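Let's take a look at the empty space inside this protein, and at one helix pair that borders some of it. Have the structure open as you read.

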Amino acid sequence: MRTDIEAGNYSQSSIIENSVACVPDAISFSESKSSGARLAIMFSAIAVGVTLGTLFSTQMSTALTSMFLVLTFIGGLLSTWSPCGYSSLSLLRPAGKYSLASVARWTPTFITHAVGYAFGALVLGGALGLVGAFLFEQLAFSHMVLGLAILAVGYGTHQLGFLKMPYPQRRAQVPHDARLRFRSSTIGLLYGYALGMNYLTYVQTPILYIVTGAALLSADVTTAITIIAIFNIGRCLPVAVNFLPITNQSVQAWLAKWQERAVELDGFLLLTIGAATLTMLTL
């Protein structure tokens, strides 16, 4: 069952700081569809992936890089369908009635929010790169790609409700009461950093694990930071919707409406790219 936060229904009484209860895996949404519909999505994704892998097998390096970059960025966007994504869009908004003046006053909040994400990418990406350089510097590229492809297929199947994969995360949210203690720009920075670290709060897309694995296995600090930064750009950009004259209620309703589709797209992308990668490796 969806929580009030996930359904976009907010009230001060329903928002509890760092609540760790009732934050379910996305799989609960995909299981509301019939198994036949979910099987159709799964086999369609695999078919598309095998086709892409066959078409681009002679350009494997370029194709793998392009697919991974697309997956990483879209994964960041899909993380908006998490409790903290709903919260950020709802809480980091211009104060008062929409106007050019209110948006101008709010702009520093968006900027500090982006800075927080950048700092999170530096810290998390730097740590993953350093650990990777120590543990995986000698790992063959083909082995790294194979492992990530298998992981992508596993989590794609997980998203569609056919397999239960490990989902180790801190089931917590950003501190909502911060809005009562700090100015808006400070809250933006704090939220950006917390979300930009990716494991301090709950993220409802397992694409995060593929991104983390690639950053770790790259065994290079600069590459790892770049990978996490691309994911974080996708996480940060949706907050820019608050520049527009759109009500919070309409944004939350739109997110709730497309919640299940986001999970299905998540699974489709993971299965497609996983299948494409395995196909290229075997041809």
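## Closed spaces

A cavity here is a set of grid points where a 1.4 Å probe fits but cannot get out, and a residue counts as lining if it has an atom within 4 Å of such a point. Keep in mind that this is a predicted model. With that rule, and a floor of 30 Å³ or more, you end up with two cavities.

Take the second largest cavity to begin with: L78, W81, Q159, Q204, A262, V263 and D266 line it, around a space of about 40 Å³. Which helix gives the most to this lining? That's α11, with three residues. By class, the lining splits into four nonpolar residues, two polar and one charged.

The largest cavity holds about 70 Å³. Its walls are made by S79, T80, C84, G85, S88, L89, Y117, L195, R235 and V239. Helix α4 (residues 83-91) has the largest share, with four residues. The class tally for this lining is five nonpolar, four polar and one charged.

## The open pocket

Now for the largest pocket, at about 520 Å³. It has 27 lining residues, and F68, F141, M144, L148 and A214 are the closest to its centre. Five elements give two or more residues each: α3, α6 (141-159), α8 (207-217), α9 (221-236) and α11.

Of these, α3 chips in the most, with seven residues. How many charged residues does the lining have? None: the lining of the largest pocket has 20 nonpolar and seven polar residues, and no charged ones.

## How α3 and α11 pack

Both α3 and α11 turn up in the pocket lining, so to speak of them as a pair, here's the geometry. The axes of α3 (residues 60-78) and α11 (residues 259-282) come within 11 Å and cross at roughly 165 degrees. Angles over 145 degrees count as roughly antiparallel, which means α3 is roughly antiparallel to α11. The crossing is left-handed.

On the α3 side, the contact is made by M60, A63, L64, M67, L71, I74 and L78. The α11 side brings A262, L265, D266, L269, L270, I273, A276, T277, M280 and L281. Sorted by class, the contact has 15 nonpolar residues, one polar and one charged.

There's some overlap with the earlier spaces, too. L78, A262 and D266 belong to this contact, and L78, A262 and D266 also line the second largest cavity.

Definitions and conventions
Residues are numbered from 1 along each chain as its sequence is written. This is a predicted model: local features need pLDDT of at least 70, side-chain atom pairs count only at pLDDT 80 or more; totals for chains, interfaces and linings use all residues. Side-chain values use heavy atoms; hydrogens and water are left out. Axes are lines fitted to C-alpha atoms, for helices over the stretch in contact, and angles run from 0 to 180 degrees between N-to-C directions. Angles under 35 degrees count as roughly parallel, over 145 as roughly antiparallel, 65 to 115 as roughly perpendicular and the rest as oblique. A crossing is left-handed if the near helix is turned anticlockwise from the far one by less than a right angle, and right-handed if clockwise. Contact means heavy atoms within 4.5 Å. Ala, Val, Leu, Ile, Met, Phe, Trp, Tyr, Cys and Pro count as nonpolar, Asp, Glu, Lys and Arg as charged, and the others, Gly among them, as polar. On a 1 Å grid over the protein atoms alone, a cavity is a set of points where a 1.4 Å probe fits but cannot get out, and a pocket is an open set with protein on both sides within 12 Å along at least five of seven lines; lining residues have an atom within 4 Å of a point. Grid points are joined across faces, edges and corners, and a volume is the space filled by probe spheres set on the points.
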